[in-house]
Amino acid sequence: MSVTRPTPTQKQPAIQQRRVVIENKHGEKLVGILHDTGSKELVVLCHGIHSSKERIPMVNLAAALQREGISAFRFDFAGNGESEGSFRYGHYRREADDLRAVVQHFRVQNYVVTAVVGHSKGGNAVLLYAAKYNDVHKVVNIAGRFNLERGIEGRLGKDFLQRIKQDGFIDFKNKRGTFEYRVTEESLMERLTTDMPAACRSINQNCRVLTVHGSMDKTVPVEDAFDFNKIIPNHKVSIVEGADHEHTSHQNELASIVLDFIKEDFLQDKFIHSRF
């Protein structure tokens, strides 16, 4: 087998990382990092709750895509990281709209958004995006929560509904007792009224969805992955044995699963994209 190697006069494609600022429909500036490989095929990466584009697995997934010659964009939702706005505990649909602003921005720049990938709350955002806009044909949900009524007591404590109705808010503190953010009654109600099962049922059959979940996730139970599998029309599940919520010690395995899904049936995907 012959191998063609670039001659000294041939240049390898330049890989650039640059800061990009995009305005959402509320006039807030969203800040992100574009990993530009020279390819117009782009994957958008969405972080989890009270997090940022700088956390794993966002950084590692962007690097893995970059190594495969696929451009990637990781950004901060409004109220997180470097982006403008106030952090909101709920507002899942609003984060899907932030993602919409990002997708539209890059389409104007002649990029083809081939996939959107979200971790945790970002997983919910990409699924809600797919249900509402139906214009990205591959979606990856990493450890998203199926039932948004679950998991609140563990974070806000018992009788959270009674306390938030009485005071109008609950201040969330971490295990060290340090204040992290305020949960308002409005944002809590928005979470409780976000119907993920209904949204997932409405995702178009032509949109292929992958859910990746760690078997040792103590934040969102692995059973949620199988709940998604029951109702999303075109869906597959990949369970990473021993992985926690962020796949902390399983980053390479996570990247391999996501990359394989994004790259498979590439020609078929380009045909489907042309139909949207």
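Student: Is R55 buried, exposed or partly exposed?
Tutor: In this predicted model, buried means under 20% relative accessible area and exposed means over 50%, with partly exposed in between. R55 has a relative accessible area of 39%. That value falls in the middle class, so R55 is partly exposed.

Student: Which residue does R55 meet in a salt bridge?
Tutor: Happy to trace that one! R55 sits in the loop between β3 and α1, and its partner sits in the loop between β10 and α9, so the pair ties together parts that are 191 residues apart in sequence. The partner counts as buried, at 19% relative accessibility. The N to O distance is 3.0 Å, and the residue is E246.

Student: How are α1 and α9 oriented to each other?
Tutor: Helix α1 (residues 58–67) and helix α9 (residues 251–263) pack at an angle of about 50°, with their axes 10 Å apart. Angles of 35 to 65 degrees are neither roughly parallel nor roughly perpendicular. The two helices, α1 and α9, are therefore oblique.

Student: How many residues of the contact of α1 with α9 are charged?
Tutor: Good one to check by name. On α1 the contact is made by N60, L61, A64 and L65, and on α9 by Q251, A255, V258, L259 and I262. These residues divide into seven nonpolar and two polar, and the charged ones number no residues at all: none.

Student: Which residue pairs with K25 in a salt bridge?
Tutor: K25 is exposed, at 61% relative accessible area, whereas its partner is buried, at 12%. K25 lies in the loop between β1 and β2 and the partner in helix α2, so the pair ties together parts that are 72 residues apart in sequence. At 3.2 Å, N to O, the partner is D97.

Conventions. Residues are numbered from 1 along each chain as its sequence is written. This is a predicted model: local features need pLDDT of at least 70, side-chain atom pairs count only at pLDDT 80 or more; totals for chains, interfaces and linings use all residues. Side-chain values use heavy atoms; hydrogens and water are left out. Axes are lines fitted to C-alpha atoms, for helices over the stretch in contact, and angles run from 0 to 180 degrees between N-to-C directions. Helices (H or I, at least four residues) and strands (E, at least two) are DSSP runs, numbered from the N terminus. Angles under 35 degrees count as roughly parallel, over 145 as roughly antiparallel, 65 to 115 as roughly perpendicular and the rest as oblique. Contact means heavy atoms within 4.5 Å. Ala, Val, Leu, Ile, Met, Phe, Trp, Tyr, Cys and Pro count as nonpolar, Asp, Glu, Lys and Arg as charged, and the others, Gly among them, as polar. A salt bridge is a side-chain nitrogen of Lys or Arg within 4 Å of a carboxyl oxygen of Asp or Glu. Buried means under 20% relative accessible area, exposed over 50%, partly exposed in between (1.4 Å probe, protein chains only).
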